[in-house]
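Reader: Hey, got a minute to walk me through this one? Pull it up and start with how the strands get called.

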Amino acid sequence: KKYYKRMSVDGGGERQPYYTRPPKQSEVFDGKQLRKAVQRRTIDSNASSMKWYLDRARKTRRLENDAIQPRIEYSVNLHPPAAVNMKYNSSSSVCTKFVHSSVNKPRCPINSCQWTPEGKRLITGASTGEFTLWNGLTFNFETILQAHSSAVRSMVWSHNGYWMVTGDHGGVVKYWQSNMNNLKAFQAHDESIRDISFSPTDLKFGTCSDDGAIKLWDFELVQEEQALKGHGWDVRCIQWHPTYPILASGSKDSLVKIWDVKSGKALTTLHGHKNMVVKVQWNQNGNWLLTGSRDQLIKLFDIRTMREFHSFRGHKREVTALKWHPIHEDLFASGAWDGALYYWQVGQGEPIASIPVAHQSSIWDMDWHPVGHILATASGDHTTKFWTRNRPGDTPSDYAYGQENANTGEQSSGALASGSGAGADAGGQFMSNFASNAGGNEYRGNRDMRDDRGSG
């Protein structure tokens, strides 16, 4: 568009251009037009970790640390969850701030996700059998590879961080190195593998399947040592105790069994649920066993007394995912069939935070970053979403995300600082003493999905 002014030239007037919009400058390299650079949200905990490293030499006790007020200028005093002043307040690590939504080009349900041991990347397993690697700082796509010929059902890292073992819908187990090099593949079960768990020494691992059996394997020799049979239906989840040679399992028969892996016998059976048990999770203290079921309940058992001592009620649909926080002993997150994401604290009857519309569909898996400041969730709506802690002064409820773009999650309320800002990580924190919903609206209808993560 041009703008003109009158100019007198040789006694006569004519229209001449007064201002012309400059042409668009597009960068071209090797005959191809380059994509415009997009600024990405970055969650970098290095600055806050360095601040903690400098402060802990002279502030060894919790009371010696500066109190954090709900104002943005106190972000310079933020520390990672493992710091002394943060470790005693588990609500400071509640991740309700939406950061990014990652989607593969071939859209398909995401069944599992795992952070790498160093926390630099997130690996997701899709129903197409593909692994996708996402950057742990900017959450952009890095690479994709065809890992299995059928849907990936479970993936777990060894405790030493050298090996990753995965299982698929066809009953095949594969060994992977940290550089995604596949070294071994074998047929472990005749039906779909539902869960895999390593022993504390990493010398053995267990698998469970829809064939109703739990198999224990020698990792180095790749040989089956024994099969644990006692469930009357599909075994959906297992987990090895963090220190003792015992194994917990949950089944479609609504029972939770605790096994002695040396003798192969069941030590006890917990009759706490009325529907399929989908997740079992040992706490890092080794005394608490967390179970989630399709009866919408989450129960906490104390194995010292073999009794239930807490029941968490709040989900409106079936519980599909559970995960303890890696630092805080009394904090865990849960996901449900309707896409709701809840945060719970042991001793509290109600969830300390909730996001009713975290996903459009069921949350199949979730995993905490090793530092504990980011939570990644994998869902049947084809997306993997990243959630982080709020900064001081941010409201615990992400209303802009819930109202403006609840379905796609492209926007979120508040500005996220880049990781280079004044010694504070972009996620921020200190969400103490709140119990408000972080969605702003209710879930808009449930999608009709088939059982078993879309499998036949």
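Author: Sure. Strands are DSSP runs of E with at least two residues, numbered from the N terminus, and two strands pair if DSSP finds at least two bridges between them. This is a predicted model, where local features need pLDDT of at least 70, side-chain atom pairs count only at pLDDT 80 or more, and totals for chains, interfaces and linings use all residues. Residues are numbered from 1 along each chain as its sequence is written, and side-chain values use heavy atoms, with hydrogens and water left out.

Reader: Cool. How many bridges join S23 to S24, and which way do they run?

Author: Five bridges, and the two strands run antiparallel; S24 covers residues 297-302. Trp-288 has Asp-302 in S24 as its bridge partner. The two strands make a hairpin with three residues between them, and Gln-296 in that turn has a positive phi of about 70 degrees.

Reader: And what does S22 do with S23?

Author: S22 (residues 277-282) pairs with S23 in the antiparallel sense, over five bridges. Val-277 sits opposite Ser-293. That's a hairpin as well, with five residues in between, and Gly-286 in the turn has a positive phi of about 80 degrees.

Reader: Why is S23 largely enclosed?

Author: Because six of its six residues, 288-293, are buried. Buried means under 20% relative accessible area, with a 1.4 Å probe and protein chains only. Trp-288, Leu-290 and Gly-292 point one way, Leu-289, Thr-291 and Ser-293 the other way, and all are buried.

Reader: Switching topic: how many disulfides are there?

Author: Zero, from a search of the whole structure. The cut-off is a pair of cysteine sulfur atoms within 2.5 Å.

Reader: Why no bond for Cys-208?

Author: The closest cysteine sulfur, in Cys-237, is 6.6 Å from its own, so that's too far for a bond. Cys-208 is buried, at a relative accessible area of 0%, and Cys-237 is buried at 1%.

Reader: Last one: what volume does the largest pocket have?

Author: About 1200 Å³. On a 1 Å grid over the protein atoms alone, a pocket is an open set of points where a 1.4 Å probe fits, with protein on both sides within 12 Å along at least five of seven lines; lining residues have an atom within 4 Å of a point. The volume is the space filled by probe spheres set on the points, which are joined across faces, edges and corners.

Reader: Which residues lie nearest its centre?

Author: Gln-114, Val-156, Gln-239, Lys-323 and Asp-367, out of 45 lining residues. Strands supplying at least two lining residues each include S22 and S26 (319-324).

Definitions and conventions: Buried means under 20% relative accessible area, exposed over 50%, partly exposed in between (1.4 Å probe, protein chains only). Helices (H or I, at least four residues) and strands (E, at least two) are DSSP runs, numbered from the N terminus.
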